[in-house]
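Please open the model in your viewer and keep a selection tool at hand. The tour below goes from one selection to the next and says what is found at each stop.

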Amino acid sequence: MQLHDYVAAIVFGAIIGIIARIVLPGRQPIGIILTILIGMGAAVAGTWAADRWDLHSDRHFVVAGNQYDWLVVGVQVGIAVVGVAIVSLLARAFRSDNYDD
């Protein structure tokens, strides 16, 4: 892997994490760095799950010369939504203030 592969992974993880936060209703009390980390983990887990269960479609899109499968991206976003929801629940459960949102 080269430097641009790592940069692409961070950017793609950020996009997946942000999409997950948009899809998930309500306010999430987590920061952008945690969102990016969840998105990156979801991208890895979603790619693994799609390969494991042979979830691929004929629909693809190309970004900067790399080809992506829409179904795999959907799995990645779904995992990111679950990840953001779990982390948001944990953040609310362990925060120190007593204010209700």
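Before the first selection, one cut-off is needed: a residue counts as buried under 20% relative accessible area, as exposed over 50%, and as partly exposed in between. With that in mind, select Tyr68, which has a relative accessible area of 22% and is therefore partly exposed. Please remember throughout that this is a predicted model.

**The whole chain**

Zoom out and colour by secondary structure, and you will find three helices and two strands, which follow one another from the N terminus in the order α-α-β-β-α. Along the principal axes, the C-alpha atoms fill a box of roughly 50 × 30 × 20 Å. If you colour the 101 residues of the protein by accessibility, 29% of them count as buried, while the surface that the protein exposes comes to about 7000 Å², with carbon and sulfur atoms supplying 66% of it. A contact map adds a further view: among contacts with a separation of 6 or more, 58% are between residues 24 or more positions apart.

**The aromatic rings**

Next, select the side chains of Phe, Tyr and Trp, among which the structure holds four aromatic pairs. One of these joins Phe12 and Tyr68, whose rings are stacked, with 5.0 Å from centre to centre and 15° between the planes. Phe12 belongs to helix α1 (residues 3-23) and Tyr68 to strand β2 (residues 66-69), so that the pair links distant parts of the chain, 56 residues apart. Is Phe12 buried or exposed? Its relative accessible area is 18%, and Phe12 is therefore buried, whereas Tyr68, at 22%, is partly exposed.

Now move to Trp48 and Trp53, whose ring centres lie 5.7 Å apart; because their planes stand at 75°, this pair is edge-to-face. Of these two residues, select Trp53 and show its surface: with 55% relative accessibility, Trp53 counts as exposed. To finish with the rings, select Phe12, Phe61, Tyr68 and Trp70 together, since these four form one aromatic cluster.

**The largest pocket**

Keep Phe12 and Tyr68 selected and turn on pocket detection, where the largest pocket has a volume of about 670 Å³. Which residues lie nearest the centre of the largest pocket? They are Ala8, Ala9, Phe12, Asn66 and Tyr68, out of 23 residues in the lining, and two of these, Phe12 and Tyr68, are the stacked pair visited above. By class, the lining is made up of 15 nonpolar, six polar and two charged residues. At least two lining residues come from each of α1, α2 (32-52), β1 (60-63), β2 and α3 (70-94), and it is α1 that gives the most, with eight residues.

**Two further stops**

Select Asp54, in the loop between α2 and β1, and read off its backbone torsions: phi is near 55°, a positive value in a residue other than glycine. At 60% relative accessibility, which is over the 50% cut-off, Asp54 counts as exposed.

Last, go to helix α3 and select Ala93, which is exposed, with a relative accessible area of 57%. A distance label drawn from the C-alpha atom of Ala93 to that of Val23 will read 22 Å, for two residues that are 70 residues apart along the chain.

Key: Residues are numbered from 1 along each chain as its sequence is written. This is a predicted model: local features need pLDDT of at least 70, side-chain atom pairs count only at pLDDT 80 or more; totals for chains, interfaces and linings use all residues. Side-chain values use heavy atoms; hydrogens and water are left out. Rings of Phe, Tyr and Trp (its six-membered ring) pair if their centres lie within 6.5 Å; planes under 30 degrees apart count as stacked, over 60 as edge-to-face and the rest as tilted. Helices (H or I, at least four residues) and strands (E, at least two) are DSSP runs, numbered from the N terminus. Buried means under 20% relative accessible area, exposed over 50%, partly exposed in between (1.4 Å probe, protein chains only). On a 1 Å grid over the protein atoms alone, a cavity is a set of points where a 1.4 Å probe fits but cannot get out, and a pocket is an open set with protein on both sides within 12 Å along at least five of seven lines; lining residues have an atom within 4 Å of a point. Grid points are joined across faces, edges and corners, and a volume is the space filled by probe spheres set on the points. Ala, Val, Leu, Ile, Met, Phe, Trp, Tyr, Cys and Pro count as nonpolar, Asp, Glu, Lys and Arg as charged, and the others, Gly among them, as polar. Contact means heavy atoms within 4.5 Å. Accessible areas come from the Shrake-Rupley method with a 1.4 Å probe; for residues, only the protein chains shown count as cover.
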